[in-house]
Amino acid sequence: MTPVKTFLGYPYPLGATWMGNGVNFAIFSEHAASVELCLFDSPQASEENVRIPIAEQTDQVWHVFLPDVRPGQLYGFRVAGPYEAERGLRFNSSKLLLDPYAKAIAGDVSWANEMFGYVMDDKKEDLSQDFRDDAWGVPKSVVIDTAFDWHGDRKPGIPLSDSVIYEVHVKGFTKLWWDVPEGLRGTYAGLSSPAAIDYLKKLGVTAVELLPVQAHIDDKILVDRGLTNYWGYNPIGFFAPHGEYSGSGQMGEQVLEFKSMVRTLHAAGIEVILDVVYNHTAEGNQLGPTLCFRGIDNLAYYWLHPENPRFYLDFTGTGNSFNTLHPHALQLVTDSLRYWVLEMHVDGFRFDLAPELARNHDGVNKLHPFFQAIQQDPVLSQVKLIAEPWDVGIGGYQVGNFPVLWSEWNGKCRDAVRSFWKGDEGRIGDIGYRLVGSPDLYQHDGRRPYASINFITSHDGFTLSDLVSYNQKHNELNGSNDGDDNNLSWNCGVEGPTEDPQISALRERQCRNFLTTLFLSQGVPMLLGGDEWGRTQKGNNNPYCQDNEISWFDWTRDEKQNAFLEFTRKLIAFRREHPVFRQPKFLQGRRMPGSEIRDVMWFNPGGNQMTDEDWTSSFVRCIGMLLSGDTFDVRTFEGEPVRDDTFLLLINAHHESIAFVLPGRENLEWQLILDTMDPHGFLAEPRKFASGDDIDLGGRACYLLQLVTGTQAQAREESWKKRPVAFPPLSAEQERAVRA
């Protein structure tokens, strides 16, 4: 092997760092006996051309400086030490390991038995040790030059309360889009192409939330079935952008392409939020491969069973769980987060299975070092922090329990809205909370309505179109019975596609109902990419392994899909134009201090304020919410009061129409501006009604009315023609038996 000049190097920063006059390599391992740095000429090289023993160790960090190495160099590590699986020690210098701090990764795993640290066919399983070299078939780390011309990039800095989040997959968004140059389809550059920017701007979203873009690998079990890990929740590199999404190369070009994407999206006023996976890695359980962390220091990086450290604690359903109680594992996560913010300019993160990151030996802990590290960090505390507030461990459902600074995917909002619109009993109280930003979940600890990330659908489950078209999942192409059985979906009478015009019309109306509820609720709306026009996955509610037309966007929309897209655009624009629907403080529903104003009022169809009996009735599926636009509790930065009009939102999940008495004193005038019974949603010519009029609120429909004549104070009263009201005592099954 070619001799290479070496210097002692530095223990910090970790990873491979181009310093202008050479590259410093530093890797943490507390329990290793020795570490070797391996240099390669190409990603396909079957063996290293240089192997360098790292002699220097400072504070458990092994380090060396190579003055003759330049960006673009491929490398990996071999870490030696005891292989004693029963003690949790799994060192194996026969296995080439990725750098946990690698900023770019080239190549894929070519699955074979050599990628495992044990002899796969041995009866002792992982208690045996495999001594075969695997460098020929594993990815290589890449030294990069971080230099990039950001052209004065400035982050949009959109307040979370004003945000509209668009969840999307980098590849699936443009893979089939003919308006994007063929070589850019399915790439970072494709997502920031002129066609994509124009589409996102016209849609009106303020942020894209990208499914995992950290380097990940395809599980062997999927590859053996001819499938891939399309979603990407199988990480192996926390710093490196996934190479497959780069149209320009994987030798560091993916980093430049990702930065260019962010720069272009920022120039268009669109923020970038990353769905990050720090809760587990692609190395699986004790029978998984040895690719990185396991071979570097298994005891430090993973939660191991305290009584039998051969086995892993699994709070994630993937076979392993990352141990952020260990200071170096926690450092790795926070260093990675800061890198994405400072070096890659992203605007925030959605943390997959976030409770796992805050687990100690007793369970999920709000005082966990992970939370404390982020809260005191001057960089990380200032970006958007969104938790998926559940994992699969005991006590893992933590909706409403994350600390200040954190927003959460509000699974209770998703379930309440789905259940309400499918006609389930006893949901009216729950839907009331969700419409005003879930104060029952987030107000008690000082958080604001924007702690609630409201969504109806996400990547994980049915699309919106499938939610109203299927009662059961149809995941046969996945090759297993995966996916959730509890979808709270309703097919409106027929499973799957139908040519019945009555059922089709009901499904379209239900989709308008769902999005109207989403965008007119307090909190932060998140739209699943493609739902704006009705994308289908053909009933598959877990297409994590479907890297094909099931998951890719089909841009050949029909007339009805184009109409729904236009409705969605108008709905987002309407929310943007009216701050009463995106207030940064919780509504009180009572007279405000020093004022007679009530910021929100609730009415039943008789024009009366809702009573406790109404709120607790099993059969109430119809309600009116009045939002006052002249509240003085919200002010601009300059201290000026935020003003808006007064609106009345009427929602009816009954199958039949209900006469609703409009509230307010005599001689007020309302205009109906949105009616989900109408195929276009927003009315070309608003219809006028007087207070006290009976408005025929359609079955399974939303109406939105705007006060146009009279004072807002006069509208904040029960109807001058109020009357008693009774609700039909129908069960959910009886409601759903009537399709229209």
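Two residues are in contact when heavy atoms of theirs lie within 4.5 Å. By this criterion, and leaving aside residues up to four places away in sequence, glycine 496 of the predicted model touches Ser469, Tyr470 and Arg507. This glycine is found in the loop that lies between α12 (464-467) and α13 (501-519). With a relative accessibility of 2%, glycine 496 counts as buried, because the cut-off for that class is under 20% relative accessible area. A look back along the chain gives a further landmark: phenylalanine 402 is 94 residues from glycine 496 in sequence, and the C-alpha atoms of the two are 38 Å apart in space.

From this single loop, the description can widen to the whole protein. Its secondary structure consists of 17 helices and 31 strands. The radius of gyration is 28 Å, close to the 27 Å that the globule rule gives for 740 residues, so the protein is as compact as a globular protein of that length. Taken along the principal axes, the box filled by the C-alpha atoms is roughly 90 × 55 × 55 Å. Buried residues account for 62% of the 740. Contacts between residues at least 6 apart in sequence were also examined, and 73% of them join residues at least 24 apart.

The surface and the charges complete this overview. The accessible surface comes to about 27300 Å², and carbon and sulfur atoms contribute 49% of it. The protein carries 68 positive and 100 negative charges, and the mean positions of the two sets are 3 Å apart.

Within this fold, strand β25 (residues 622-627) offers a good place to look in detail. Six of its six residues are buried, so the strand is mostly covered. Which residues cover the two sides of the strand? Cys622, Gly624 and Leu626 lie on one face and Ile623, Met625 and Leu627 on the other, and all are buried. Strand β25 also has pairing partners. Strand β24 (residues 600-603) is joined to β25 by four bridges, and the two run antiparallel. Strand β26 (residues 647-652) is likewise antiparallel to β25, with six bridges between them. Leucine 626 takes part in both pairings: this residue is the bridge partner of methionine 601 and stands opposite leucine 648 in β26.

Some backbone geometry also deserves a friendly pointer. Most residues other than glycine have a negative phi, and most peptide bonds are trans. Against that background, the peptide bond from tyrosine 12 to proline 13 is cis, with omega near 0 degrees. Proline 13 is located in the segment before β1 (15-18).

Two residues that are not glycines have a positive phi. One of them is aspartate 59, with a phi of about 50 degrees, in the loop between β5 (56-58) and β6 (61-66). The other is leucine 353, with a phi of about 45 degrees, in the loop between β17 (348-351) and β18 (359-360). Is each of these residues buried or exposed? Aspartate 59 is exposed, with a relative accessible area of 65%, whereas leucine 353 counts as buried at 11% relative accessibility.

Key. Residues numbered from 1 in each chain as written. Predicted model: local features only at pLDDT ≥ 70, side-chain atom pairs only at ≥ 80, totals over all residues. Heavy atoms only, no water. Rg over C-alpha atoms; globule rule 2.2 N^0.38 Å. Buried < 20%, exposed > 50% of the residue type's maximum accessible area, 1.4 Å probe, protein only. Areas by Shrake-Rupley, 256 points an atom, 1.4 Å probe, with all protein chains shown as cover. Lys, Arg positive; Asp, Glu negative; His and termini not counted. Charge placed at Lys NZ, Arg CZ, Asp CG, Glu CD. Pairing = 2+ DSSP bridges.
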